[in-house]
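Biologist: I'd like to go through this model with you and ask how each label was earned. Could you set every value against its cut-off?

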Amino acid sequence: RATPGLDHAVKLLQDNPCLTEFITSVLALPEPSPSILSFTLRLAGRLASSEACFQYLQQEKLLLRLFGQDGPLTSALWDDASVRSGWVQGVHNMVCHQPALCFLCNGGGMDVIFALQGDPSLFVASAASQLLVHVLMLSVESETTTPLSTKDCDWPECAQIIIKHIEDSLRSSCASHIEQSLKLLTTLFGRCRAKWTEVLWLSIAKQIESFLTEEAVQAQPMLANLLLHMAWSPVFYESEGSFWALVTSALQHLAPVQAGPLAVGILKFYKCPQDVRIPALTVLLQPLDCILRAASQPVEYAGLLDESVSDPTAVESLLSSKSSCANLLCQTLAHLKELLSRIHLPVDLPYGSLLRSLITILQFCNGFLSPASPLGSAISRSLINSFRVQRSALDVLAALCKQKGCDTLIGSVFDVLLAYLESPNTNPTVLKKTFQATSKWLVHLQELSCSNSQCQQTEKILEGVFLVLQKRLCSPCWEVRDSSLEFLTDMIKCLRDQDEFRQSLLSSEVPRLTENLLKDPESYVRASAVTAVGHLAFITSFAPESPVIENQYNKENTVAKLQEILSTDPEGFPRRAVINIFTEWLRQSCTGQLEDAEQFVSGVIQTVERDLDWEVRLGGLELAQVFCNQTSCPPDLPECPYAPASPAVTSSIHRDEMLQRICRAKLFRFLFRSLCDCDKPVGQRALDILIGLRSMFYPINDLLEASRGKDSPAGPSIAWLQRTLRQGSLAQNFPTDGVDFQDPESMMLALAIIDLEELHDELSRSSDHVQTSPQSLLQDILATVGTIEENEADCY
């Protein structure tokens with residue numbers, strides 16, 4: 001550190017002798033509290049991070065009593081994990097300069113850290129490993145001026161101690177010591193990208209490579225993690241090839257459960273050589289290849305891979321065991337999903353064979369496939385009704401819907417999906433995943449149908465889907481009814497413009513059953529039914545070419561039913577769903593001409609403003625915002641998404657008409673009242689809308705002129721309104737008689753006079769300025785006096 005900083009640090013101690021007195025007094029206690037001692041160790045380490053303060057504390061002989069052999073190392077307090085943790089953190093804080101390094105190496109501190117690597121407390125053990133990495137990096141980077149070689153004498157003394165410890169641990173027969181060193185190296189190579197890390201690696205590479213062929217070593221997970229961390233360092237991925245040769249060897253020798261994470265990590269790395277990427281892909285796909293070969297007949301037809309990187313019997317053994325089969329497949333499928341979610345894959349996957357393998361897995365899981373081999377029989381027994389594998393496979397199946405080579409299997413895909421949808425044994429969570437996959441494949445099927453004249457296949461599949469959906473909407477399980485409604489909504493969103501879909505939907509019982517679920521006893525289902533009915537209306541009520549249907553599906557009936565839910569449903573979820581649907585209708589211009597929209601919005605707003613659920617009120621404000629946006633758009637001008645309307649045109653032609661429409665819709669009362677809402681997001685949203693309206697109605701010059709209109713007849717009532725708004729949520733009575741919220745002139749005056757910026761600042765302030773004020777704190781303390789047992793948790 002710079003000299004002024006050092007002087008300031010020492011001055012801190014000299015000006016505040018209480019700091020050293022505190023440390024001395026704690027050391028003088030015969031049995032200090034472990035937490036106090038831990039704090040003292042961390043505090044002393046923080047102070048000693050300055051070299052000048054370190055020398056000062058050394059002169060006071062405090063550091064030896066804290067971190068040396070005279071400290072808590074030899075006392076009974078060392079048995080407390082908090083003391084050991086405080087010691088490690090204190091040393092970590094202190095070791096920022098050369099004198100601290102010497103103190104640590106010469107005082108026996110390194111042996112203590114080595115021992116703490118195996119501490120029973122995982123927090124202490126991890127902190128000790130992090131400390132060793134810190135010390136090694138500081139030692140090498142602060143004490144070397146020339147490039148290092150593999151000769152011991154070239155390493156600084158402290159670094160030599162740590163490196164010898166790493167090498168001795170790796171050569172030992174103790175599995176825990178090997179694991180500790182591997183974790184340390186993983187942290188080091190992940191954090192440090194300096195060239196000297198390659199010198200260290202060359203001295204230990206042979207020993208680590210030998211672990212790949214030693215079955216007794218329990219360090220395989222650490223090996224895979226170590227190699228992945230190294231792969232992201234330019235020191236290693238730009239090397240001549242020795243590192244990548246080791247990665248290839250690891251892919252070959254690691255157990256399948258450990259090789260999988262290494263393989264997917266390598267496949268995500270764009271700078272990985274092609275001759276390493278191919279075996280990584282082979283390792284990842286091997287369990288699925290094994291599934292195909294076990295299930296297919298004749299065997300030579302099946303498989304994803306031409307050859308295997310490692311012995312396939314290891315994978316076959318895991319798949320034939322019930323305890324390991326699901327784990328291996330779930331891991332493999334999770335890795336595939338991770339790869340498929342990436343926009344650009346650095347490797348081509350065999351999508352067709354991969355899809356065939358997924359279909360096979362799903363057939364094994366529901367017992368629809370007769371095994372063709374003894375291994376297939378064992379896998380089938382392991383996978384039957386495995387919900388975890390089903391969910392994972394369906395996720396990957398959904399991700400494959402648009403990949404090349406999968407279209408030829410689309411019939412088989414829907415056979416499996418419909419079998420899962422129809423089966424009474426399908427678990428509700430698996431059914432939800434099946435619905436999600438079916439929705440994605442239906443969209444893809446529709447795209448193919450448009451281009452390849454596959455209308456007959458599409459109609460048959462849709463007919464099967466709606467037959468199943470009718471049954472599921474009547475399920476006694478509310479989760480199934482809910483998932484079915486969500487699935488219906490997804491389909492309508494994606495396919496409502498397709499003739500085959502609309503005809504299949506309207507010729508089924510699904511619309512009637514969906515409306516029946518508006519009265520479901522479960523609130524989640526009612527909410528999903530509201531959303532489904534709202535989107536169904538785009539087909540049954542709002543589409544220009546809507547077919548003649550029963551009276552119960554007409555626009556007026558649908559609106560009335562949803563308005564009743566908004567007014568009377570005792571739960572918040574259905575009411576939130578209604579206001580969201582009404583907003584979506586308005587956004588899609590489904591409420592008719594603007595005059596109809598005014599009446600519609602007015603009725604909804606009057607219901608919403610009395611709602612006790614703040615999210616419903618917030619939804620009402622979103623509805624108001626959409627209405628204002630549509631009202632401000634000149635109806636007789638061509639719509640251009642790139643050209644904003646001219647302020648002059650808006651002001652001269654449409655301003656008065658727009659203002660009258662907003663007043664007739666009774667929005668201003670709702671907006672101003674929302675400023676006093678006890679829920680802050682509601683007030684903030686309302687204020688944003690009002691500021692937006694003011695900017696549309698008033699150019700800056702006009703606003704300055706209009707704000708002088710306080711002497712108008714409406715001036716006193718507007719001033720009263722402003723005083724009420726300043727009280728915010730503390731306002732007792734919101735003015736209803738004194739202000740005419742439907743009078744355009746009064747509202748223009750209100751927008752001009754009321755200081756919306758001041759209200760914005762008030763709403764932006766956190767409530768902490770009230771809740772943590774001295775007065776509030778004193779009230780909380782006084783409230784607990786005499787009733788400490790009842791209010792102990794609230795006492796500051």
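**Labels and their cut-offs**

Modeller: Let's start with a small one: the side chains of T540 and S541 are joined by a polar contact of 3.4 Å. Keep in mind that this is a predicted model, where local features need pLDDT of at least 70 and side-chain atom pairs count only at pLDDT 80 or more, while totals for chains, interfaces and linings use all residues. Residues are numbered from 1 along each chain as its sequence is written, and side-chain values use heavy atoms, with hydrogens and water left out.

Biologist: What makes the link between T540 and S541 a polar contact?

Modeller: The rule asks for a pair of N or O atoms within 3.5 Å; within protein, one must be able to donate a hydrogen and the other to accept it, and residues adjacent in sequence count only if both atoms are side-chain atoms. The T540 and S541 contact is between side chains and comes in at 3.4 Å, so it passes.

Biologist: How do you know whether T540 is buried or exposed?

Modeller: Buried means under 20% relative accessible area, exposed means over 50%, and partly exposed is in between (1.4 Å probe, protein chains only). T540 has 9%, so it's buried. T540 lies in helix 29 (residues 523-540), a helix being a DSSP run of H or I with at least four residues, while a strand is a run of E with at least two, both numbered from the N terminus. S528 is in helix 29 too, and at 11% S528 also counts as buried.

Biologist: What does S528 touch?

Modeller: Not counting residues up to four places away in sequence, S528 touches D482, L485, E486 and T489; contact here means heavy atoms within 4.5 Å.

Biologist: Why is the pair E338 and K268 called a salt bridge?

Modeller: The label needs a side-chain nitrogen of Lys or Arg within 4 Å of a carboxyl oxygen of Asp or Glu. For E338 and K268 the closest N and O atoms are 2.4 Å apart, so the pair qualifies. E338 sits in helix 19 (residues 322-340) and K268 in the loop between helix 16 and helix 17, so the bridge ties together parts that are 70 residues apart in sequence. With 31% relative accessibility, E338 is partly exposed.

Biologist: And what makes K402 and E447 a salt bridge?

Modeller: Their closest N and O atoms are 3.6 Å apart, within the 4 Å limit, so they count. K402 is in the loop between helix 22 (387-399) and helix 23 (410-422), and E447 is in helix 24 (residues 428-452), which puts the partners 45 residues apart. K402 has 56% relative accessible area and is exposed, whereas E447, at 37%, is partly exposed.

Biologist: How do you know that K561 and E515 belong on the list?

Modeller: Their N to O distance is 2.6 Å, again within 4 Å, so it's a salt bridge. This one links helix 30 (residues 555-568), which holds K561, to helix 28 (residues 510-516), which holds E515, across 46 residues. K561 is partly exposed at 30%, but E515 is buried at 7%. The salt-bridge count comes to 28, and E584, R587, E622 and R685 are linked in a network of such bridges.

Biologist: How many disulfides are there, and what rules C330 out?

Modeller: There are zero. The nearest cysteine sulfur to that of C330 belongs to C365, 8.7 Å away, and a disulfide needs a pair of cysteine sulfur atoms within 2.5 Å, so C330 fails. C330 is buried, at 11%.

Biologist: What makes a group of residues a nonpolar core?

Modeller: It's a set of buried Ala, Val, Leu, Ile, Met, Phe, Trp, Tyr and Cys residues joined through side-chain atoms within 4.5 Å. The largest one has 255 residues, and W87, W585, F668 and F672 touch the most other members. Helix 17 gives the most to this core, with eleven residues. Beyond four places in sequence, the contacts of F672 include L690, L721, F734 and M747.

Biologist: And the whole chain: how many helices and strands?

Modeller: It has 43 helices and zero strands, and 51% of its 796 residues count as buried.
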